[in-house]
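This report looks at ligand surroundings and core packing. Please keep the structure in view while reading.

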Amino acid sequence: MSEETNSKFHIAMFPWFAVGHITPFLHLSNELAKRGHKISFFLPRKALILLENLNLHPNLITFHPLTVPSITTLPPGTETASDIPISDTPSLAVAMDLTRRQLEVSLQAMRPDFIFYDTAHWIPQVARPLGIRTVCYNVVSAAAIAIVLVPAREVTPGKPLTEEELGKPPVGYPSNTVVLRGNEARSLIFISLPFGDNITFHGRTTTAMRECDAIAMRTCREIEGDLCAYISNQYGKPVFLTGPVLPEPAMETLDEKWAEWLSRFEPGSVVFCAFGSQHVLEKGQFQELLRGFESTGLPFLIALRPPIGTNSVEEAFPEGFEERVRGRGVVHGGWVQQPLILSHPSVGCFVNHCGFGSMWESLLGDCQIVMVPHLADQILNTRLLANELKVGVEVEREESGWFSKESLCRAIESVMYEKSEVGLLVKKNHAKWREVLVSPNFMTDYINRFIQNLQELQMKN
Ligand SMILES: O=c1ccn([C@@H]2O[C@H](COP(=O)(O)OP(=O)(O)O[C@H]3OC[C@@H](O)[C@H](O)[C@H]3O)[C@@H](O)[C@H]2O)c(=O)[nH]1
Ligand SMILES: [O-]c1cc(O)cc2[o+]c(-c3ccc(O)cc3)c(O[C@@H]3O[C@H](CO)[C@@H](O)[C@H](O)[C@H]3O)cc12
């Protein structure tokens, strides 16, 4: 299939104000721009500074920074979900909704063919009168959408769902491995609570999917086909798939500091750990994690934000930790170039939270995968990799949600010891899936088919 298509679109992008959402929208924009389509990308100013280096086609992708209004329920200067604790994200939705007029004015002037969005459920109301087609592009897993964000899951505003209700998947949910266990359903309670003014998270996301001209998902039928079919059935409309959409490696070079440090170690020996753009650990859990890494005796590079209540990672180090791991372990309290670190030859294991972006990056890489999920969607992604594809292992948590240094160390050792049966099994399965995903036309075919879907959508009146 050719990469070129006849008609060139102009597409506006308006993702949820979170790095884990803006990044995949930008990856998709690159693929569309590579085929000659023009993109107008709306995002908060601060996110632009962090992510503009991911724009591979500045001639076709134009950023439109938005002013995120200050509201009393958010700390001054908040622009994305990385700036606040998860408990404050409902207020970020209020702030996002207040950018509606900025969007409206720009869309009136530019009149793109399509607008892609996720969390802003009011986009169809703005776009339809302007003749702009709307695509609700989901960048969390199909499993996360299918288990709660479907019409079969009834939510009455003002009557939050109970843990027990949330523990049962909706009627027809097609998987019995990608599920929540025991008290994990507690982490879904937020879906029936307010997320913005006068609307629940469920109301917002299901309206976004019900009102759009087409639902799109960042996934592939080889891995989540049944779940996508279920979503399509639930909403009575086709679901277009973009595939995993990851950029080709080595768009930029790894910072010399990390390249030099990693090059001191044997191939495949270093354990890398990162938990995405939002997750911040409690201090005690952070210290337990460091002790777990220490016990493995393996070299490690940890990139995590300072734990709650601290200003630096150093401040939270366990007594004597730095001296004991000197020369083999580093803890960095900020952002690193995750995809480049994962593709460094010295890195052999990726301990991550299984956010959907990290999930794809780990699957397409060749490091062993150890998962410590935090949010409900990350737990489901973890079950997909650990129980269904059997390509990685999950760190066991106690009933309280706490994970011990022993369980972390055990999980890492189980994939890193050469003779470990589990290690060999997940390595073999991972290699098999990786071969499918990196095969020459896999991603290209997905994008080309997706563009055909858009063309067909444009033809409809
Ligand atoms: O130091 C870092 C940390 C992260 N990253 C990048 O940031 C992105 C993080 O995205 P993830 O989806 O993995 O995780 P986030 O937690 O940030 O995402 C959020 O949105 C997507 C959902 O699936 C997640 O559950 C949600 O938390 C990845 O592309 C990763 O490569 C870095 O480049 N450097
Ligand atoms: O944890 C989640 C469990 C689940 O079953 C579904 C979702 O969905 C989404 C989502 C977000 C936006 C959309 O347009 C569709 C789906 C989730 O996103 C995360 O929600 C957090 C709410 O507090 C937010 O902080 C974070 O930035 C989002 O990535 C989570 C689940």
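In this predicted model, α6 supplies the largest share of the shell around ligand 2, three residues. Helix α6 spans 142-148. Two other helices, α8 (201-211) and α15 (376-388), also supply at least two residues each to the shell around ligand 2.

**Ligand 2**

The whole shell around ligand 2 counts 21 residues. The closest are W16, H21, T89, A144 and Q278. By class, 13 of the shell residues are nonpolar, six are polar and two are charged.

Oxygen atoms of ligand 2 pair with polar atoms of the protein. Q278 brings a polar side-chain atom to 2.5 Å from a ligand 2 oxygen. A144 takes part through its backbone, where a polar atom sits 2.8 Å from an oxygen of the ligand. T119 uses its side chain, with a polar atom 3.2 Å from a ligand 2 oxygen. On its own, ligand 2 exposes 620 Å², and the protein buries 96% of that area.

**Ligand 1**

Which helix gives the most to the shell around ligand 1? Helix α14 does, with four residues. Helix α14 covers residues 356-364. At least two shell residues each come from α1 (19-34), α13 (338-342), α14 and α15. Helix α15 thus appears in the list for ligand 1 and in the list for ligand 2.

Around ligand 1 there are 18 residues. S277, V336, S358, E361 and D377 are the closest. The class make-up of this shell is five nonpolar, 11 polar and two charged residues.

Ligand 1 also has polar contacts through its oxygen atoms. S358 places a polar side-chain atom 2.6 Å from one ligand 1 oxygen atom. At F356, a backbone N or O atom lies 2.9 Å from an oxygen atom of ligand 1. H353 offers an N or O atom of its side chain, again at 2.9 Å from a ligand 1 oxygen. Ligand 1 taken alone exposes 650 Å², of which the protein buries 95%.

The polar contacts of both ligands are listed here.

| Ligand | Residue | Protein part | Distance to ligand oxygen |
|---|---|---|---|
| ligand 2 | Q278 | side chain | 2.5 Å |
| ligand 2 | A144 | backbone | 2.8 Å |
| ligand 2 | T119 | side chain | 3.2 Å |
| ligand 1 | S358 | side chain | 2.6 Å |
| ligand 1 | F356 | backbone | 2.9 Å |
| ligand 1 | H353 | side chain | 2.9 Å |

**Nonpolar cores**

In soluble globular proteins, nonpolar side chains tend to be buried together. Here, the largest nonpolar core holds 86 residues. F14, W360 and L363 have the most contacts inside this core. Helix α6 gives the most to this core, with seven residues. Another core, of 33 residues, lies apart from it and includes L48, I447, I451 and L457.

What does W360 contact beyond its neighbours within four places in sequence? Its partners there are R218, T219, C220, I223, P244, L246 and L437.

**N352**

N352 belongs to strand β11, residues 347-352. Is N352 buried or exposed? N352 is buried, because its relative accessibility is 0%, and buried means under 20%. The N352 side chain reaches the backbone oxygen of F350 at 3.4 Å. Setting aside residues up to four places away in sequence, N352 touches A274, F275, S358, I369, V370, M371 and V372. One of these, S358, is also among the closest residues to ligand 1.

Note on methods
Residues are numbered from 1 along each chain as its sequence is written. Chains are lettered from A and ligands numbered from 1 in the order in which they are written. This is a predicted model: local features need pLDDT of at least 70, side-chain atom pairs count only at pLDDT 80 or more; totals for chains, interfaces and linings use all residues. Side-chain values use heavy atoms; hydrogens and water are left out. A residue is near a molecule or strand if one of its heavy atoms lies within 4 Å of it. A polar contact is a pair of N or O atoms within 3.5 Å; within protein, one must be able to donate a hydrogen and the other to accept it, and residues adjacent in sequence count only if both atoms are side-chain atoms. Accessible areas come from the Shrake-Rupley method with a 1.4 Å probe; for residues, only the protein chains shown count as cover. Ala, Val, Leu, Ile, Met, Phe, Trp, Tyr, Cys and Pro count as nonpolar, Asp, Glu, Lys and Arg as charged, and the others, Gly among them, as polar. A nonpolar core is a set of buried Ala, Val, Leu, Ile, Met, Phe, Trp, Tyr and Cys residues joined through side-chain atoms within 4.5 Å. Buried means under 20% relative accessible area, exposed over 50%, partly exposed in between (1.4 Å probe, protein chains only). Contact means heavy atoms within 4.5 Å.
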